[in-house]
Amino acid sequence: MSWVNSFRTHEDTCRRAPSAHNTQPWVLRYADDAVDVHWDPSRALPGSDPTRRDLFLSLGAFIETCLIVAASAGLPVRPEIAVEDTTLRAARLVPAPSPYDTPFTVGSVQRRRCARGGYAPGLLDPATLTALTAFGADLRQVPARELVAPLAEADRWMFGTPAVVSELRAWMRLSPKHPRYHLDGLTDRAMTLSRIEATGLAALIAPSAYPVTSRLGGPALLAAASKGTLRYDGSVLVLIGSADTPEAVIEHGRALVRVWLALSERGLSVHPLSQLLDCATTAAPLAAQLGLAPDESPLAVFRTGRPLETPTRSARMPATPT
Ligand SMILES: Cc1cc2nc3c(=O)[nH]c(=O)nc-3n(C[C@H](O)[C@H](O)[C@H](O)COP(=O)(O)O)c2cc1C
């Protein structure tokens with residue numbers, strides 16, 4: 001069997017990579033001696049991610065996951081990252097002299113999952129923070145409580161911005177009866193919503209109700225529902241880097257998933273809070289608070305810690321059969 005065909009048998013594991021809103025924007029195209037990583041523009045989020053930061057971070061996370069999965073299978077593969085907007089190609093996986101050097105395995109990829117419920121109190125221990133720097137990520141730690149007010153503001157912005165809400169509506173699976181519940185998007189269980197909370201959220205953002213509820217304080221009500229998220233003695237990590245080119249953001253996405261896998265191997269979960277970066281009035285003060293240089297940007301924000309409950313395994317679309 002050629003390495004490409006062998007790699008193809010592992011595509012479902014590669015698809016365990018994380019992506020914003022669990023849109024799984026990646027598309028694999030198999031050639032004789034290469035595997036091309038494209039993206040599906042219908043799975044981008046132009047409303048909440050107009051700069052495509054999260055799109056390219058997600059593609060980077062996917063490419064890194066492909067390399068880990070290939071290495072686990074003993075397949076020597078390396079990535080050539082070059083974004084082509086005309087063909088919607090992000091990278092090409094090509095033969096390499098030896099398998100990708102990584103401490104992670106298929107097991108690490110399968111075990112990792114985001115956790116959005118309660119976390120045990122306690123800051124990330126300094127030894128773990130230092131160990132994470134080995135994964136090529138520039139991370140800054142912020143105490144969770146310092147971001148309580150900015151998160152409330154970012155949530156109000158998120159639920160008050162029609163284009164963002166329209167994407168949430170498209171990607172949230174608020175009932176197990178949703179036809180795509182087991183395929184993609186954010187389920188009520190992944191978001192740790194009770195049946196009543198999920199029903200209330202669906203009612204507030206329904207297309208027929210939203211024009212009215214958004215004027216009558218719906219966004220503030222929804223933001224209030226998550227105000228406890230950061231009200232504990234925990235750690236929020238911010239990934240810093242240059243977002244000059246899509247290729248640079250893809251490399252940061254690779255580092256981001258290495259960090260998430262390293263945390264997961266230590267029994268720690270992550271809960272990304274991208275709205276803090278998507279909302280201009282919270283992103284700028286955060287960058288100022290971190291004292292970033294003009295060529296540095298905050299690229300990802302996530303709280304991390306020991307989850308109080310086992311996180312839900314998120315849905316994935318299966319690979320297309322050959
Ligand atoms: C670039 C990026 C941004 C994300 N932003 C958020 C976010 O703002 N809020 C959130 O709850 N999850 C966020 N996530 C997590 C995804 O929703 C999650 O990866 C996806 O639902 C799959 O779940 P899993 O990671 O548990 O497998 C983000 C993930 C990525 C890769």
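Author: Before we start, one definition: two strands count as paired if DSSP finds at least two bridges between them. In this predicted model, strand E9 (residues 269-272) and E10 run antiparallel and are joined by four bridges.

Reader: Which residue in E10 is the bridge partner of His-271?

Author: The partner of His-271 is Arg-303 in E10. Arg-303 is also the bridge partner of Val-236. Val-236 belongs to strand E8 (residues 235-241), which pairs with E10 in the antiparallel sense over seven bridges.

Reader: What stands opposite Leu-239 in E10?

Author: Ala-300 does.

Reader: Which strand pairs with E8 over six bridges?

Author: Strand E5 (residues 138-143) does, in the antiparallel sense. One pair to look for is Asp-138, whose bridge partner in E8 is Ile-240. To trace the pairing on the structure, start at E5, which pairs with E8, continue from E8 to E10, and then go from E10 to E9.

Reader: How should I read the two faces of a strand?

Author: The general idea is that in a regular strand the side chains alternate between the two faces of the sheet. For burial, the cut-off is under 20% relative accessible area.

Reader: Are the faces of E8 covered or uncovered?

Author: Both are covered. On one side Ser-235, Leu-237, Leu-239 and Gly-241 are buried, and on the other side Val-236, Val-238 and Ile-240 are buried. Seven of the seven residues of E8 are buried, so E8 is largely enclosed by the rest of the structure.

Reader: How many residues of strand E10 are buried?

Author: Eight of the nine residues of E10 (297-305) are buried, and the strand is mostly covered.

Reader: Now the whole chain. How many helices and strands are there?

Author: The chain has 13 helices and ten strands. Its radius of gyration is 19 Å, close to the 20 Å that the globule rule gives for 322 residues, so the chain is as compact as a globular protein of that length. The C-alpha trace spans about 60 × 45 × 40 Å along its principal axes.

Reader: What share of the residues is buried?

Author: Of the 322 residues, 52% are buried. The accessible surface of the chain is about 14200 Å², and carbon and sulfur atoms account for 57% of that area.

Reader: What does sequence separation tell me about contacts?

Author: It tells you how far apart along the chain the touching residues are. Here, take the contacts with a separation of 6 or more: 76% of them are between residues 24 or more positions apart. For one residue, look at Thr-213 in helix H9 (residues 210-213). Leaving aside neighbours within four places in sequence, Thr-213 is in contact with Leu-204, Gly-218 and Pro-219. Thr-213 has 17% relative accessibility, so it counts as buried.

Reader: How far apart in space are Thr-322 and Thr-9?

Author: Their C-alpha atoms are 9.5 Å apart, although 313 residues separate them in sequence. Thr-322 is in the segment after E10. At 80% relative accessibility, it counts as exposed.

Reader: Is Ser-194 buried, partly exposed or exposed?

Author: Ser-194 is partly exposed, because its relative accessibility is 34%. It sits in the loop between strand E7 (186-187) and helix H8 (195-205). Leu-174 is 20 residues from Ser-194 along the chain, and their C-alpha atoms are separated by 9.9 Å.

Reader: How do I read a phi angle?

Author: Look at the sign: most residues other than glycine have a negative phi. His-21 has a positive phi of about 60° although it is not a glycine. Asn-22 has a positive phi as well, near 50°.

Reader: Where does His-21 lie?

Author: His-21 lies in the loop between helix H2 (11-14) and strand E1 (26-30). Asn-22 is in the loop between H2 and E1 too. His-21 counts as buried because its relative accessibility is 17%, and Asn-22 counts as buried at 5%.

Reader: Last, how many charged side chains are positive and how many negative?

Author: There are 33 positive and 31 negative side chains, and the centres of the two sets lie 8 Å apart.

Key
Residues numbered from 1 in each chain as written. Predicted model: local features only at pLDDT ≥ 70, side-chain atom pairs only at ≥ 80, totals over all residues. Heavy atoms only, no water. Helix = DSSP H or I, 4+ residues; strand = E, 2+ residues; numbered from the N terminus. Rg over C-alpha atoms; globule rule 2.2 N^0.38 Å. Buried < 20%, exposed > 50% of the residue type's maximum accessible area, 1.4 Å probe, protein only. Contact = heavy atoms within 4.5 Å. Areas by Shrake-Rupley, 256 points an atom, 1.4 Å probe, with all protein chains shown as cover. Lys, Arg positive; Asp, Glu negative; His and termini not counted. Charge placed at Lys NZ, Arg CZ, Asp CG, Glu CD.
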